[in-house]
Amino acid sequence: MCVPALQHFSESIQEYLANLDKAPDPTVRKDTFSNEIFCAYEVLFNGWIQHREAKLRLAVVEALGPMSYLMPSEKLEEQLPKLIPGILGLYKKHSEAFYISKSLSQILEASVGIGSRSLDGQLDALLGTLHPQICAPSDPSVPLSLKNHTEVLRCFTILACSFPDRVLAFLLPKLESSNERTRVGTLLIMRQIINSAPSQMEIKKPFILSFMKLPLQDSNNKVRRALVQVISAMAHHGYLEQPGGEALLEFLVRQCALPAAGDSGEGLGPSHPMGDDLMLSSLLLVANLPSPHALTTRLLVVSCHPYVGDGRGAAALRLLHVLRSGIHPALEPPWDKSIPLLVEHLEENTEKSLSQQEWEEKLLQFLQDSLAAVPDDTWSCPLVTEMCRQLSSYNGSHLEKNFLYKCIGTTLGACASKELVQKQLQELLETARYQEEAEREGLASCFGICAINHLEETLAKLEDFVRSDVFKKSVGLFSIFKDRSDTEVEKIKSTLILCYGHVAVAAPRELVLPRVEADILRNVFQYFHTKDLTLKLCLIRSLAMLCQAVGPGKGPPGFVLARKAELVAHMVEFIRAEPLESLRTPLRQRAMVTCTHLVPLEPPLSDPDRTELLDTCLASVLSLPPLEPGKDKEENGGDSSHGQVLYGDTLSALKDLLKSLLHRNLTPHGLQDMFAHLGPWIKSPREQERARAVEVSASLLEFYLSKLNVSTVTPFYNLSVLLALFSPRCSDSVAAVRRRSVDCVRSLLYIQLCYEGFARDHRDEMVEGLKALKKGLEEPDFTVLFHACTSIAMVIGRRIPPDQLMNLLLSLFEGLGDPDRNCSRAATVIINCLLKERGGVLQEKIPDIVSIIHGKLEEVDEEHLRKAAQQTVYILAAQHSSLVVSSLLGSSLPFDSHTCAMWRSLAVDPTLTSQVLEQLLEKLSRDIPYKETKSFLLGNGSERVATTLPLAATCALHELLSAPEAGAAVLGLYPALFGTLLLRLSCSLGVQLPKNLQGRDRRSHGATARSLQPGSCAVETLRAMLLRGGSEEVVRDVGDSGGWELMASPERHHDGVALLARAMARHAGPRLPLVVKTLLPALGSAFDSQRVTTTAFFAELLNSNVVNDLILLETLLDTMTGRQKDSCLLVRMLALRGLGNIASGSPEKVGVTPLPRASEGNWRGQEEGEGIPTA
């Protein structure tokens, strides 16, 4: 405990003596305690400093330092040869050297204080031991390590003050060492002694400078950092003004220009903590500073792109902060607050994350606040003059020059002197480099910002500019303007137009609105008739800014842009003039953006103007050829992304324009009108056109849904038409079209739900299920597409209002002619699914649907579409068979191939086929087969004319019976079919076609045409029925006997029937009982022909023994007996023949079966001269 006590006692005495003037006992002197301190010193140094315990040794060393100040001078001088080596020896025993260095610095200070001569002999040992302490890198995480460096440097300061020559002679040669740490440590010591011993080093400056040449060439970054610190110290003490100082200054400049790098890189860079501030300070110490206005301008412009030049923006802002009082005293308070915030913003961002526009706005606001802090023109006027003077310095730096123009506009806006504003604006117009786009942009921005506070002066100066001779190819109003080419004149016009746009968008709304048409548009309209691309683009952009300035919500209520229609017409002309085969410029995109801003303004566009705008823009974008990456890269100088970006921006502009037009009429009618224009593009045969049109449509529908606000339940009357437009596209051959079409259907169904009263955020489970279909639509697998169409049809079928179902079907039928085969197939799938789901409610519409199907069959050529349409007929008939049959019977005769196909489609299902056959048989049975009319050619006679319905039914039966699938149904209805068709045949003999069909029958003759003549048609139908019913042998037997021709002959018909009966008895005996039963009622028919046919058939059956086997003999015998009193002679004759046929057919019955006697009436006919036909 005594060692620390001695230390603290010595330190307290030192502090007391240092403040003796305030001490209570001023008589106390250093020698008061000298002897006692020396005695304690002897004990500590001679006994304890070599103790084994390290802590004790360090405590002793720590105490010896302050004790040395109180020791007698002669004793201290006497002890130094032993004391200093003893202290230096402890460095080897202790890794923590701080307490040793601290004590040593105190001992050295005390020694120098007494003028010791013994130090001279210890100097080499001191320098040799202390120098490695500095060269060893300090550990920032160990506080005592940094403190040790400080104490060692203090030792060097003490020694340099007493022995400057020997210290420099020791240090400077070590700058040539190959060891990096040695060189860095030496430079750190040099910085210390240059700063701490300036008087001793004054005469050593040339000597020191001469040794700095070698470090200037050092490539090591750590050495360079240390050298920068040395140069900074030298700058503070006038070294750089000495010969050779320029080399150090050049070194600083070169390091500022190098990029930032790591320790192994070349550059020092401002990112290093000792880089920018020290180098900048060093430079400022020796440089002749520009004026405050020049400095402010330059540093502000440099800051606009803060990450260029290794982050020079933050350094420039910090320098502004340092120089704030020198620039203007009034700027200190605002800059103390704003500049750190700006620097912090830069530090929080990177070059990629920083928004350039936001950063420039911050800087301009900083400039504006600075101008407000110095309100008088004595500072702002010279500032704007200096800014204009510096413009020419940035001719090669377009971005910086553009920002400087904005600074000029901001500063001019703060100037109260209107004369100065006009003068500077005039000067800007005279000196601008109009050929450069950045220059035009910058000048226009300047005018716009200036107009915020000086609208009158700005517009007046632009008006003077318009009226000047600058646009003529002669010496202009301004002295700077010489003879100009047409191209240069166009560039000047472009700048003028841009200026008007920036003025309109920046100036206060209440001031600019009255000037829009009177001043701005009046001058702008002069330049629309141009072919120069730059001028066109500037006109378009300027108008876009003007529209933004006067747009809805920004101007007073009721503002009307009277020349709106003219402006839109000019934009349309610009778009129409663009080539449709390529997209190389942003003109059409920017023109559409301008139209997007124009549309919401009043007055609304007329229908013709709106239509022209829509059609022109759609054609200009959707008809563009597909992007070809290789070609696009070649056309854009190797940048393949340019065309893609331009195309994306153009398509987005089209979407925004259409949304703007739709927003003005956010109703079902407005939506329908929009898709009336888009529809042809959605169905385009070109894939890229369809893809773009559907993409635009999906965006429009999503926009419509997002803006929809339904207060009352409203009918979405055109839902069906739009669903029919998009649902088939879910199977498009292009994957993108398929996916986005699902989105369109989904949006349409949600719009319908909104109109039904559901909230806009309502989610319907079935509609949401459509999302799951999109993933499967990536690949064009037919099974997946079919499933998707079926699923979509199911959802639509359950969500479509009943009153729109028919319209949906009609519109889908139009899709059968779609140029994309997948979509036409999808339309048929959706139609058939809808009919299965909801066809039961369409009773009244069946004739219309059947008629439409027939019409579509005439239009389409593809077999799969025809089959699908026939499937549609089948689905309808399964739900409304009688209505479908009636509708088909109403088709024109003779049936064309499409009607025939529709009839045959009803034969695919036995149950349905049976129903249809029964209905047709009923129509044949109930309707009269012909009408008798008087004929002029026959005198008093009459002719029989076939009725249309039975004739159509006969033709229909022929088509049905021709279908192989109808076999099962024919077998079930064999007796009814045979009997009805045979009787139909009997009523068709000698019957003429109606006059309206006679010509058609002749025109129908051809290789595949069937005769429409009633008799021939009936024969063919009966023949087809027998073939389909499995009676091929009957058909062949009758044909071999010439029976079919006889049956078609009015005179020999009964002979043909007899041949048919004979063949039936021979080959189809089992079917005869039911056939006979079916024909029996015809014996009482009012038509002689039917009784003749039936009697002839029965009579011939009696000629065969089969009637006896089938137990039909008595029935037929009774019928023949009953016909003996028939009013028709031929019937009576055939009946007698039948009775006579028993002898050959059933000879065993002749003796037991009584034959009837001929009645008196039977022979009366002979007496009256009637002839009896022979058998």
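Visitor: Why is Phe211 called partly exposed?

Guide: In this predicted model, Phe211 has a relative accessible area of 22%. Partly exposed covers the range between the buried limit, under 20%, and the exposed limit, over 50%. The value for Phe211 falls in that range, so the residue is partly exposed.

Visitor: How do you know that Phe207 counts as partly exposed?

Guide: The relative accessibility of Phe207 is 38%. That figure is neither under 20% nor over 50%, so Phe207 counts as partly exposed.

Visitor: How many aromatic pairs does the structure hold?

Guide: There are 10 aromatic pairs in the structure.

Visitor: What makes the pair of Phe207 and Phe211 edge-to-face?

Guide: The ring centres of Phe207 and Phe211 are 5.1 Å apart, which meets the requirement of lying within 6.5 Å. The planes stand at 75 degrees, and an angle over 60 counts as edge-to-face, so the pair receives that name. Both residues belong to helix 11 (residues 205-211), where they are four residues apart and hence separated by about one helical turn.

Visitor: How do you know that Tyr930 and Phe1087 form an aromatic pair, and what kind is it?

Guide: Their rings are 5.5 Å apart, centre to centre, and this is within 6.5 Å. The angle between the planes is 65 degrees, which is over 60, so the pair of Tyr930 and Phe1087 is edge-to-face.

Visitor: Why is it said that this pair of Tyr930 and Phe1087 ties together parts of the sequence?

Guide: Tyr930 is in strand 1 (residues 930-934), while Phe1087 is in the loop between helix 57 (1072-1079) and helix 58 (1088-1101); the parts joined are therefore 157 residues apart in sequence.

Visitor: Is Tyr930 buried or exposed?

Guide: Tyr930 is buried, because its relative accessible area is 8% and the limit is under 20%. Phe1087 has 23% and is therefore partly exposed.

Visitor: What lies over the face of Tyr974?

Guide: Arg1071 does, at 4.1 Å from the ring centre. Tyr974 also belongs to a cluster in which ring pairs link it with Phe978, Phe1097 and Phe1098.

Visitor: Why are helix 54 and helix 56 called oblique to each other?

Guide: Helix 54 (residues 1032-1040) and helix 56 (residues 1053-1067) pack with their axes 9 Å apart, at an angle of about 140 degrees. This angle is not over 145, the limit for roughly antiparallel, nor does it lie in the range 65 to 115 that counts as roughly perpendicular, so the helices are oblique. Their crossing is right-handed. Residues making the contact include Val1034 and Val1038 of helix 54, and Leu1059 and Leu1060 of helix 56.

Visitor: What makes helix 42 roughly parallel to helix 44?

Guide: The axes of helix 42 (residues 802-814) and helix 44 (residues 846-859) cross at roughly 10 degrees and come within 10 Å. Angles under 35 degrees count as roughly parallel, so helix 42 is described in that way with respect to helix 44. Among the residues that meet are Leu809 and Phe813 in helix 42, and Ile849 and Ile853 in helix 44.

Visitor: How do you know that Ala952 is buried?

Guide: Its relative accessible area is 0%, which is under 20%, so Ala952 is buried. Ala952 is placed in helix 49 (residues 948-962). Beyond its neighbours within four places in sequence, Ala952 is in contact with Leu889, Leu893 and Phe895.

Terms used: Residues numbered from 1 in each chain as written. Predicted model: local features only at pLDDT ≥ 70, side-chain atom pairs only at ≥ 80, totals over all residues. Heavy atoms only, no water. Phe/Tyr/Trp six-rings, centres within 6.5 Å; stacked < 30°, edge-to-face > 60°. Helix = DSSP H or I, 4+ residues; strand = E, 2+ residues; numbered from the N terminus. Buried < 20%, exposed > 50% of the residue type's maximum accessible area, 1.4 Å probe, protein only. Lys NZ or Arg CZ within 6 Å of the ring centre and 35° of its normal. Axes fitted to C-alpha atoms, helices over the stretch in contact; angles between N-to-C directions. Left-handed = near helix turned anticlockwise from the far one by under 90°. Contact = heavy atoms within 4.5 Å.
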